[in-house]
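Me: Please take a close look at one part of this model for me: the interface. Keep it brisk, and add nearby topics where they help.

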There are 2 protein chains.
Amino acid sequence: MARIVMKFGGTSMAGIERIRSVAQRVKREWEAGNQVAVVVSAMAGETDRLVNFCREASSLYDPREYDVVVASGEQVTSGLLAIALQAIGVPARSWLGWQLPIHTSDTHASARIGEIDTQALLAATAGGEVAVIPGFQGLADNGRVTTLGRGGSDTSAVAVAAAMKADRCDIYTDVDGVYTTDPRIVPRARKLKRVTYEEMLELASVGAKVLQTRSVGLAMKEGVRVQVLSSFADADAAAEPGTMIVGEEEVDDMERQLITGIAHDKNEAKITLTEVPDRPGAVAAIFGPLADTGVNVDMIVQNVAHSTGSTDVTFTINQAELPRVLDVLDREKATIGYDRLVHDTRVAKISVVGVGMRSHAGVASTMFKTLGDRGINVQAITTSEIKVSVLIEEDYTELAVRVLHTAYGLDAEDTAA
Amino acid sequence: MARIVMKFGGTSMAGIERIRSVAQRVKREWEAGNQVAVVVSAMAGETDRLVNFCREASSLYDPREYDVVVASGEQVTSGLLAIALQAIGVPARSWLGWQLPIHTSDTHASARIGEIDTQALLAATAGGEVAVIPGFQGLADNGRVTTLGRGGSDTSAVAVAAAMKADRCDIYTDVDGVYTTDPRIVPRARKLKRVTYEEMLELASVGAKVLQTRSVGLAMKEGVRVQVLSSFADADAAAEPGTMIVGEEEVDDMERQLITGIAHDKNEAKITLTEVPDRPGAVAAIFGPLADTGVNVDMIVQNVAHSTGSTDVTFTINQAELPRVLDVLDREKATIGYDRLVHDTRVAKISVVGVGMRSHAGVASTMFKTLGDRGINVQAITTSEIKVSVLIEEDYTELAVRVLHTAYGLDAEDTAA
């Protein structure tokens, strides 16, 4: 017997047949004597439809009214799931964001969840009723509807789990867990039983799109045990265990791996400024204006100074920001004093992630040697406490992921496993 | 300068282009210095879509959750109209049913409006902001979403107008006013400048589907001046005056007509029970069980007793209720003691309506003579203070409406008028 929050995404809620299947899955947990709250997304495609309405109405739409419009998608699915649950004998009711309420900031269209009133919620679930809560939406202090930004339902689920002090927050997705790497690249990738919040953050932010990054950060802060599992397994059978995302203290030494997974990200762009004057303040002249326009710079490499007293500076950004960055650097050319600007989007970032890494300095050298043996050139490097990332030529992405997966002993013993 | 409530139905809100056109129309009233609140329906077809979702989820859906689902349609259009108004320079915001709130009973799916808190609404509109209010929805005392039943947005508009003490409630529809009869049958039908609440109630309930009956009843009770006008006239031009629905005291003697209009209704079914025993209590044995099952009986005719001591009883009901009525009467056959049951759906009810009628007993005889002259047989009659209705064979509907329209002097002098 436990208190559980279950979260279902848009694909799981797309149409009444699927909502019925979700209801069956919820019924299993409820029949097992658990107290259950369910957080739901809008039907797949519905939020896009509503967002497009707003854009059509005005390209400069008022985010407060946008929130009124787009929050309706989750309102519909929460009512429908409550009906579907009742139809199979499970007492259920919907609790809209303003009804609980789920308090948020008033930064419309990207609000942050504050406090969630759980009194009614706890009373209802303790009384054996399933609470169905629309994800993505909340209430600002001024009484207006807010939404959390795209993908916000994961965050809603974790926030509700934290507020209810739930034993578990089960996120049903279209993958059945978190893998050591992308199984489409490496068939021998293994599903992880456990992964720490920190590792999940690195894996998510570098391209393993299983959970919204914000939701993982919140789970870490609030200590919510999150489980990622498949919504497409047989709804009538017991759910197959997915991947638990937990605090580091829960991963015991026996199962602790040096490296947990390999991630890749093809959305980076590399920019090189040549002949930047080699003097104090030159780098600040580059990155100051970029920071001012809100651009996130990821990796930075500065070569040793040329004999001419100048140096080349290379850094990476998200590809989507490239036009903005080129614009800024063009305007600042005289101030920075560089010669040429070269940019390249045919790059990929490969990251080796693992909490065990902290005490193992050899990880990085294994990485460089493995890549070097295959003739893969490392163009830039960054490291964090639990991650080493390198920038390579995009064409080598799959090869690099495969050889690193083998080099760190992550391959499953049997592809059938 | 006035305080105005404007109401737009689903056809007017069907898509962003039409919502933009509604915004233009609202802007006109606002630019004229009026304080404006707008009540909107969901996009045409949207409520059907949402109702179908509920039915698919469970034929015995919980009306409380049904309300959560279907109320979302008006939430979307109110947000979108606010955005469209802002886009053309009109300050606007949406006020959802629970935000004002619009208090209602807790009879979900057919709630009745109670009090409406107007403090925020009056402050906003007095400050020059247009208030956009989703029709059809409200808030029960237990904090749950309610809806008023299909077509409820007219009622919402009148209730808001009453609460705000608005000078006028303009209902934009796909007709440009209330006519003396259906212009498709009688090209010489005239648009009425004014009609009393009582007349409108009779015209609406007998088939002139311009306004929801409940909204007219509420307007009468609260003394709200309602104007029906076309939403399809040029949005940039000043709206052409439609039909004002007002209290009887506002219709002066000069313009008072004996008869205001002719309505017809083909949705009735006629039932005759033959050889019913002619004794006290026999009629009660028929209509008691029908009333118990909630069937509305409209006209009743009892022939004089046969020499055999029995009589034929004829009455009419709504066609949709025929299967239920046949079922009840079959079960009660022994108790009632009738011989045969004959039913006929090929009938039509023709009604002559007018407040002037009260002091003019000749109306009914003109009606019978006019129909008799054309060989149209009257099968049943009912009268109210401002109406005489007859039941005739359905095939004669159009002929009957035309000749009565002429007989009561309702024809326009010129079809171009």
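Reply: Contact here means heavy atoms within 4.5 Å. The model is predicted, and local features are given only where pLDDT is at least 70.

Start with the interface as a whole. Chain B brings 38 residues to the contact, and chain A brings 38 residues as well. The size of an interface is often given as the accessible area lost when the parts come together. For chain B and chain A, that buried area is about 3100 Å². Carbon and sulfur atoms give 63% of it.

Now look at who pays on the chain B side. Glu65(B), Ile83(B) and Trp98(B) lose the most area to chain A. Together these three make up 19% of what the chain B side buries.

Polar links come next. The rule finds two salt bridges across the interface of chain B and chain A. Here is a pair to inspect: the side chains of Glu46(A) and Arg49(B) meet in a salt bridge, with N to O at 3.5 Å. That is under the 4 Å allowed for a salt bridge. Polar contacts across the interface of chain B and chain A come to 11 residue pairs, with both residues of each pair at pLDDT 80 or more.

Which elements of chain B give two or more residues to the side that touches chain A? They are α1 (16-31), α2 (46-57), α3 (63-70), α4 (72-87) and β3 (92-94) of chain B. The largest share comes from α4(B), with 10 residues. By residue class, the side of chain B that touches chain A divides into 22 nonpolar, eight polar and eight charged residues.

Stay with α4 of chain B for one residue. Gln75(B) is placed in this helix. Is Gln75(B) buried or exposed? Its relative accessible area is 4%, and buried means under 20%, so Gln75(B) is buried. Look at what surrounds it, leaving out residues up to four places away in sequence. From chain A, Gln75(B) touches Val68(A), Ala71(A), Ser72(A) and Gln75(A). From chain B itself, Gln75(B) touches Leu96(B), Pro134(B) and Gln137(B). This glutamine therefore has contacts in both chains.

Cross to chain A for an annotated site. An unreviewed UniProt entry lists Thr47(A) and Glu74(A) under "binding site". The two span 28 residues in sequence, yet their C-alpha atoms are no more than 8.7 Å apart, so they gather at one spot. Such an annotation may be inferred rather than shown by experiment.

Take the two residues in turn. Thr47(A) lies in helix α2 (residues 46-57) of chain A. Thr47(A) is buried, at 10% relative accessible area. Beyond its neighbours within four places in sequence, Thr47(A) is in contact with Ala42(A), Glu74(A), Phe136(A) and Arg150(A). The other annotated residue is thus among the contacts of Thr47(A).

Glu74(A) belongs to helix α4 (residues 72-87) of chain A. Glu74(A) is also buried, with a relative accessibility of 3%. Residues up to four places away in sequence are again left out. On that basis Glu74(A) touches Val40(A), Ser41(A) and Ala42(A), and also Thr47(A). Further contacts of Glu74(A) are Pro134(A), Gly135(A), Phe136(A), Gln137(A) and Ser153(A). Ala42(A) and Phe136(A) thus appear in the contact lists of both Thr47(A) and Glu74(A).

Finish with some backbone points to check. The peptide bond from Leu100(A) to Pro101(A) is cis, with omega near -15°. Pro101(A) sits in the loop between β3 (92-94) and β4 (102-104) of chain A. In chain B, the bond from Leu100(B) to Pro101(B) is cis too, with omega near -15°. Pro101(B) sits in the loop between β3 and β4 (102-104) of chain B.

Two residues other than glycine have positive phi. One is Phe136(B), with phi near 80°. Phe136(B) lies in the loop between β6 (130-134) and β7 (137-139) of chain B. At 3% relative accessibility, Phe136(B) is buried. Another is Ala109(A), with phi near 75°. Ala109(A) is found in the loop between β4 and β5 (113-116) of chain A. Its relative accessibility is 25%, so Ala109(A) counts as partly exposed.

Conventions. Residues are numbered from 1 along each chain as its sequence is written. Chains are lettered from A and ligands numbered from 1 in the order in which they are written. Side-chain values use heavy atoms; hydrogens and water are left out. Helices (H or I, at least four residues) and strands (E, at least two) are DSSP runs, numbered from the N terminus. Buried means under 20% relative accessible area, exposed over 50%, partly exposed in between (1.4 Å probe, protein chains only). Buried area is the accessible area (1.4 Å probe) that two parts lose on being put together, summed over both. A polar contact is a pair of N or O atoms within 3.5 Å; within protein, one must be able to donate a hydrogen and the other to accept it, and residues adjacent in sequence count only if both atoms are side-chain atoms. Ala, Val, Leu, Ile, Met, Phe, Trp, Tyr, Cys and Pro count as nonpolar, Asp, Glu, Lys and Arg as charged, and the others, Gly among them, as polar.
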